[in-house]
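Reader: Got a minute to walk me through this one? I'd like to go from the overall picture down to single side chains.

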Amino acid sequence: MRKMTRAKQGLALTAALALSVALVGCGGGGGNGVSDTSQGTAATVNGVAIGEKAVTEYIADFRADQGLESDEDWAQWMVDYGYTPETVRDEVIDYYINQELYDQAAKELGVEVSQDDVDAMLAQTKSMFESDEAFATALENAGMTEEEYVENVVEPNVLQQKLAEAVEAQEAPSSEDVLVTLNNNIESINGSKRSSHILFSSEDDAKAQEVLDAINAGEITFEEAAQENSLDGSATNGGDVGWDCTATFVEDYQNALDGLGKDDVSGLVTSQYGIHIIKCTDEFTVDGDEITDVSVVPEDIVEFYSNTGSTSSTVSFYTWFAEFRENADITINEEMPENAPYNVDLSGYTSRYETTTLEETTPAGDEAETGTDADADTDTDTAEPAEGEAGAAEGEPTAQSEGTPAAE
C-alpha cells in the first residue's frame, strides 16, 4: 500500500536511501509464506494464492514498526490518513498482486536477477552516504537490517529495472523507423560537431591561458589537461560533452564551436559558467540530400534520435504492465476475515489534520490573508532529493534532462 509501504520500509531513513526504493513491502511473489492459505485466501493471481495470513501479518508488522499496536492509535492513524480497515486490506492485497505479477512477468520475459546486479545496486545506494557506518545507522533508525533491505527493497528494485529494460528492448524501433527519424531531423544532424572542453572558474584566466599554451605547444594532450584541470563532470571523460545536435549548449559555447573544424582548439571562451577551452573532436556531414543508411551516422546520434519521441523505459514498462495485469486472471475475496485484528471501530475518531475554513477562523470585518498553511503539502509519501545527490554538474555546457522516476 502506497503510504504504508513507504513508511514501513524507510520513512525514517535518510532521503538518499528512500530514493533507492522502487518496490517496497514485506517481500513479494509467492515466497515468504505469501501463499499460506491456512487463514483463508485473500486473492488468486493466475491460479497462485495470496493468503489472508500474509495480509494480516503485513499490517501487524506495519503497526509494530510505527508504534500503532494499540487499537486506539491504529484507529486514529487510519482516520488521520483517510483509511478504513477495508481499504488498508485492499491496498496490501493489491501490493501482493503486483509482486506476484512481477515474478510471473519475469518468467515470461526470461528476466533473472543475479547477485552481481543486487551487489551493484546496494553499492550504489551505499555510495550516497559518507561511510558504511552512516548507511548502517540509517538502516538502524528505520528498524531494518541490511539483509531485510536487500530482500525487500534492492532485489525487487533490480527486478523491476530489468523488466523495464526487457520491455524496452521488445519495443525498440526498427532500423527503418530510425532512418525516417534521422531524415526528419537532417537539418540538425547535418554539420553537427562533437566537442570536449576544459572549464575554469571565471577568476582563473591566467591559469586557463597557461593550460591553453601548454596544449598548443604539445606539452600536454587536451584530454590530459581536461582530466587534470576541468571543474565539471566531463573531466573524467577527457572533457567530452558529446554532439551539439544531441545537446543544448549555451550560446557563447556554441558560437565558439561553430567556428572550429575537426581537431581545432579554441582560445579562451567566457560563458556564464566560467572560462572554457573547447576542442572540436569530430564532425558529421550528410553525403547527399538524405541519409540512406543508419550505419553511416555516428552511433551516439543514432541512439539519441532512436529514443527521441519514444517513452522512457519506465513509462513503457508501466504501460506494458498495466496491460499485463489487465489480462491476468485475478480474483479478490472482498470479504474481510472475521475477527481480523486490524479491523477496529473508527466511530468517535476525528482526523487531527482537518483544517478549519477561513470563515471559521477570520474575525468578522478582518481581511483574510493571502496564502494559508492549509495549502502546504504535508503528504508523507513525497520523496525528497537524495543526500549528496547533485543535478547537472556545475559548469556543464549541456542542458541536462531529469528522468527515471522511482517505481511505486
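Author: Sure. One definition to begin with: a residue counts as buried when its relative accessible area is under 20%. Valine 153, at 0% relative accessibility, therefore counts as buried.

Reader: OK, and where is valine 153 found?

Author: Valine 153 is in helix H8. Its C-alpha is separated by 9.7 Å from that of leucine 122, and those two residues are 31 apart along the chain.

Reader: Is this an experimental or a predicted model?

Author: This is a predicted model.

Reader: Fine. How many helices and strands does the protein chain have?

Author: The protein chain has 16 helices and seven strands. It runs to 408 residues, and 42% of them count as buried.

Reader: And what about the accessible surface?

Author: For the protein chain that comes to about 22100 Å², with 44% belonging to carbon and sulfur atoms.

Reader: What share of the contacts join residues at least 24 apart?

Author: That would be 75%, taken among contacts between residues at least 6 apart in sequence.

Reader: Let's go inside. Which residues of the largest nonpolar core touch the most other members?

Author: Trp74, Tyr96 and Leu163 do, in a core of 44 residues. Two or more residues each come from strand E1 (41-45) and from helices H3 (52-65), H4 (71-80), H5 (85-109), H8 (146-170) and H15 (313-326).

Reader: Which element gives the largest share of this core?

Author: H5, with 11 residues.

Reader: Changing topic: what about the aromatic pairs, how many are there?

Author: The count comes to 20 aromatic pairs. Take tyrosine 58 and tyrosine 96: their ring centres are 6.0 Å apart and the planes sit at 85°, so that pair is edge-to-face. Tyrosine 58 belongs to helix H3 and tyrosine 96 to helix H5, so to speak a link between distant parts of the chain, 38 residues apart.

Reader: Are those two tyrosines buried or exposed?

Author: Tyrosine 58 is buried, with a relative accessible area of 1%, and tyrosine 96 is buried too, at 2%.

Reader: Got another pair for me?

Author: Phenylalanine 62 and tryptophan 77 are also edge-to-face, 5.2 Å from centre to centre with 65° between the planes. Phenylalanine 62 is in helix H3 and tryptophan 77 in helix H4, so this pair ties together parts 15 residues apart in sequence. Phenylalanine 62 is buried at 1% relative accessible area, and tryptophan 77 counts as buried at 11%.

Reader: Which residues do ring pairs link into a cluster?

Author: Phe62 and Trp77 are in there, along with Trp74, Tyr81, Tyr83 and Tyr353.

Reader: Now helix H11. How far does it reach from its first C-alpha to its last?

Author: H11 covers residues 205-216, 12 residues in all, and reaches 16 Å, close to the 16 Å expected at 1.5 Å a residue.

Reader: Which residues of H11 are buried?

Author: Ala208, Val211, Leu212, Ala214 and Ile215. They cover an arc of only 160° around the axis, so they end up on the same side of H11. The general background is that an α-helix has 3.6 residues a turn, so residues three or four places apart point the same way.

Reader: What do the buried residues of H11 pack against?

Author: Three strands and a helix: E3 (192-200), E5 (265-271) and E6 (274-284), plus helix H12 (222-229).

Reader: And which exposed residues does the face turned away carry?

Author: Ala206, Glu210 and Asn216 are the exposed residues on the face turned away from the buried side of H11.

Reader: What follows H11?

Author: Glycine 218 follows H11, and its phi is positive, near 75°.

Reader: Which residue other than glycine has a positive phi near 50°?

Author: Asparagine 46. It lies in the loop between E1 and strand E2 (48-51) and is partly exposed, with a relative accessible area of 37%. Asparagine 339 is another non-glycine residue with a positive phi, about 60°.

Reader: Where does asparagine 339 lie?

Author: Asparagine 339 is in the loop between strand E7 (330-332) and helix H16 (358-361). Asparagine 339 is exposed, with a relative accessible area of 76%.

Notes. Residues numbered from 1 in each chain as written. Predicted model: local features only at pLDDT ≥ 70, side-chain atom pairs only at ≥ 80, totals over all residues. Heavy atoms only, no water. Helix = DSSP H or I, 4+ residues; strand = E, 2+ residues; numbered from the N terminus. Buried < 20%, exposed > 50% of the residue type's maximum accessible area, 1.4 Å probe, protein only. Contact = heavy atoms within 4.5 Å. Areas by Shrake-Rupley, 256 points an atom, 1.4 Å probe, with all protein chains shown as cover. Core = buried A, V, L, I, M, F, W, Y, C linked by side-chain atoms within 4.5 Å. Expected span 1.5 Å × (residues − 1). Arc of directions from axis to C-beta. Phe/Tyr/Trp six-rings, centres within 6.5 Å; stacked < 30°, edge-to-face > 60°.
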